Structure formats: structure tokens, C-alpha cells
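User: Please take a close look at one part of this model for me. I would like the strand pairing at the start of the chain, and then whatever else helps me find my way around.

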Amino acid sequence: MALLEVKNVKKHFGSEYILNGVSLDVQKGEVVVILGPSGCGKSTLLRCINGLEMIEDGEILLDGNKISGMKKDMHLVRQKIGMVFQSYDLFPHMTVLKNILLGPMKAQKRDRAEVEKEAMQWLARVGLEDKANVYPRTLSGGQKQRVAIVRALCMHPEIMLFDEVTAALDPEMVREVLDVMVDLAKSGSTMLIVTHQMEFARAVADRIVFIDEGNIVEEASPDDFFTSPKTDRAKKFLDAFRFDKVREGEK
């Protein structure tokens, strides 16, 4: 049984269908990267999985239990599904450490000393141990995103959702964040990642899922998808990231 099961999920805003019968399984320990053009439904799919958007049809299961349509206990489900957005969403009036401790202590009623020890270990792993007692306004974008990842991990989620977490970052900051995600993949974390970083997707994914106009158009291994995509739509998408050499040498 898959850890996460998305079955024929449909989502529309008004008369426009954003997801048109999407079905997807994610196995425990698997890294699935979702690619596709802007507006194709990638981020909406993640928000539906995490209960931030309600679906019109289909169902979503975690550990074999239906979680779509839940209202009363959705806050408990979200503890199992970590989500990191591109906007960080750190509380500006709290230090880095307090941002991380809030969820485990308030929602999970865990002991402060235990959570603080774990938080400091994670901050050390992502190179931010010395930033524990500073406020988010003093951090770079890449540092804020790494803190957001640590905050999600300290909730002990069963699966991590990443929604374009590098979209607003400068190139050097992008690498800071992607290196953390690569380490998570190596450690066996289950992840569902939406990204436009093609080289990263090829390096980290066990499977590529390509979405267009609310439908899964193609699924393949990274090597197969990037070297020999089967659909014309996927080929056109990948061609947008390729450029022929212009200059052959100095004149």
C-alpha cells in the first residue's frame, strides 16, 4: 500500500477545472518531482493534499485512511504532512528557535527540552546553528527557507511537500536550499516536490510526474523523462529550457 494515494481528484475554481481527475501514488521513502508549466495545477495539487483546498471529486488517502473532506481532525493530519511554501511564513516577532518550537510544543504537547535539542541538531545540519536566537528579518531568503524546512521536519511528518521553495531566491541561495533537500532525499525522506529547477529534479527524483492543464500527461524515471520524453507536450516543455550555442568563438 502506498503511503499517499491521490485518486481521480478534481478541483475547479468557478467553471475552470484546475485538476481534472488526477491519480497519483507515492511510496514510503520515494521522492516524486512534479513538473509542468505555470498554472497547470501543480501547486493546487499539493494544497489539496494538505487540506488547504477542498476537492470537488475523488479522494486522497494517507496510510490507507481517507483524509480528503476532513474538517474536524485535519489539524492532526497536517502534523503528518509537512509543507514548505515559497513564502517562508516565519513569525517575524519570534526568534528562529521559537518559530521551530511552536508547532511541536503547542500542537503535539512535546517537552520543550526534547524539541529544542532536536531543533538545534537540525539547525546544525543545515548550517544555521548560530542563528537560533536571531529574528527572521536578519536572515537571507535562503536561510529563511532552511529554517522553514527545519520547522516542518521537527513535526516528524510522514511526507514532506515542497511548493516551489526556491522560486523567490537568488541563484546562490537556491543552492543552499536544494542541498538541504538533496540530503533529505539521501536519508530516505518521502517527498513530493514542485519545482522548475530541472537539474535538481533530475538529480533528486525517483520519479518525474509531468502535469499540463490539470492532467498527468507523463510519468517516467528522471533519465527517461529528460532524455526521451514520450509525449509531444513534454518535449515542448523541455525544449523551453534548451538553447543552441550562439557564439562559436571570438572574431
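Analyst: Start with strands β1 (residues 4-13) and β2 (residues 16-26), which pair in the antiparallel sense over eight bridges. Keep in mind that this is a predicted model. One pairing to pick out on screen is glutamate 5, whose bridge partner in β2 is aspartate 25. The two strands form a hairpin, with two residues between them. Glycine 14 sits in that turn and has a positive phi of about 65°.

β1 has another partner. Strand β4 (residues 57-62) runs antiparallel to β1, and five bridges join them. Here, look for valine 6, which is bridged to isoleucine 60 in β4. In a regular strand, side chains alternate between the two faces of the sheet.

Now move from aspartate 25 to arginine 207, since Asp25 is among the contacts of arginine 207. Arginine 207 belongs to strand β9 (residues 207-212). Is arginine 207 buried or exposed? Its relative accessible area is 17%, so arginine 207 counts as buried, the cut-off being under 20%. Its side chain makes polar contacts with two glutamate side chains. The contact with glutamate 219 is 2.7 Å. The one with glutamate 30 is 3.0 Å. Beyond its neighbours within four places in sequence, arginine 207 also touches Leu24, Val26, Val31, Val32 and Val33, as well as Ala220 and Pro222.

Next, the pockets. The largest pocket has a volume of about 530 Å³. Several elements give two or more residues to its lining: α2 (74-78), β6 (81-84), α3 (96-106) and α5 (141-153). The lining holds 23 residues, and Arg78, Ile81, Met83, Arg151 and Met155 lie nearest the centre. By class, 13 lining residues are nonpolar, seven are polar and three are charged.

The second largest pocket has a volume of about 240 Å³. Helices α6 (171-186) and α7 (198-204) each supply at least two lining residues. α6 gives the most, with five. Residues to highlight in this lining include Val174, Arg175, Leu178, Asp179, Val182 and Phe200. Gln197, Met198, Glu199 and Ala203 line this pocket too. Its lining has six nonpolar residues, one polar and three charged.

How values were computed. Residues numbered from 1 in each chain as written. Predicted model: local features only at pLDDT ≥ 70, side-chain atom pairs only at ≥ 80, totals over all residues. Heavy atoms only, no water. 1 Å grid on protein atoms, 1.4 Å probe; cavity = no way out; pocket = protein on both sides within 12 Å on 5 of 7 lines; lining within 4 Å. Points joined across faces, edges and corners; volume = space filled by probe spheres on them. Helix = DSSP H or I, 4+ residues; strand = E, 2+ residues; numbered from the N terminus. Nonpolar A, V, L, I, M, F, W, Y, C, P; charged D, E, K, R; others polar. Buried < 20%, exposed > 50% of the residue type's maximum accessible area, 1.4 Å probe, protein only. Polar contact = N/O pair within 3.5 Å; in protein donor to acceptor, adjacent residues only side chain to side chain. Contact = heavy atoms within 4.5 Å. Pairing = 2+ DSSP bridges.
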